[in-house]
Amino acid sequence: MKNTNYSTVIFILLLLSINSFSQTNAKKEVSNYFDKAIGKEILNINNGKIHIDPYNLKNSHNYYLNKNFVNGSVFYDNQLYENVLIKYDTYKDELVKSFENNNAFAITLINERTDYFLIENKKFVNIDNKYKYPKIITGFFEEKYLGKNISLYIKPIKTAKEIIIENNLYREFKEYNNYQLLYNSKFTSVNTQKEILTIFPQLKKEIKEYYKKNKIPEETDPYRFKADLIKFIDNNL
């Protein structure tokens, strides 16, 4: 591999990023320089789009759990990369990787090339790559429970709205989870008790009783409650 002046690339990125009046042009110029300077000589994991976060944040952010890079693993282009700095943009459903472990320079990885990644001790799989049959969902989902008959996948989703504070415009994010059940090669929403009862009418009595006995966990920790419920149903099928 030829020596490449990575520091020069990073320096140019920073200069162009400062010029806020033309962010699109800056991104294009950096991308062109990046392609010429590094080309095909870098690792596959570094092949992606230049990442520029355009949001003015106040009390929230668009990433999963942590807006800072954390240590994780990525299976990208049929190869596993461990101990890489990543963060998951749940608003755009994209995985962002630090370039050369430099927080000032990042790459948005290509979803189609990302089979799965591990972050904060959780495994997120690319549903489009793992399951080829027709489905109504797409993108990255946490692989929460893999059972004998059914499996639970959870997608953290963030919505955004613009707010004005002291004459400054900010982007505010709110998060919720989308629970999807894989049963008989079909994904079905299981966000409510009604949806679950529709899928498993033969366990109507047992499921209602489970909800009745676990009202507090359902309210205080719905993430854990839903996973335990799916496991309970799987053991009773």
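## A buried lysine

A salt bridge here means a side-chain nitrogen of Lys or Arg within 4 Å of a carboxyl oxygen of Asp or Glu. Lys226 doesn't have one, even though it is buried (under 20% relative accessible area, against over 50% for exposed and in between for partly exposed, using a 1.4 Å probe and protein chains only). The nearest side chain of opposite charge is Glu195, 6.8 Å away; Lys and Arg count as positive, Asp and Glu as negative, and His and the chain ends are not counted.

So what is Lys226 in contact with, leaving aside neighbours within four places in sequence? The list is Leu152, Tyr179, Val190, Asn191, Ile196 and Tyr211, where contact means heavy atoms within 4.5 Å.

## About the model

This is a predicted model: local features need pLDDT of at least 70, side-chain atom pairs count only at pLDDT 80 or more, and totals for chains, interfaces and linings use all residues. Residues are numbered from 1 along each chain as its sequence is written, and side-chain values use heavy atoms, with hydrogens and water left out.

## Helix 7

Lys226 sits in helix 7, and helices (H or I, at least four residues) and strands (E, at least two) are DSSP runs numbered from the N terminus. Other buried residues of helix 7 include Tyr223, Phe225, Leu229 and Ile233.

## Two positive phi values

Most residues other than glycine have a negative phi. Glu120, between strand 6 (114-119) and strand 7 (122-126), has phi near 50° and is partly exposed at 31%. Asn167, in the loop between strands 9 and 10, has phi near 70° and is exposed at 77%.
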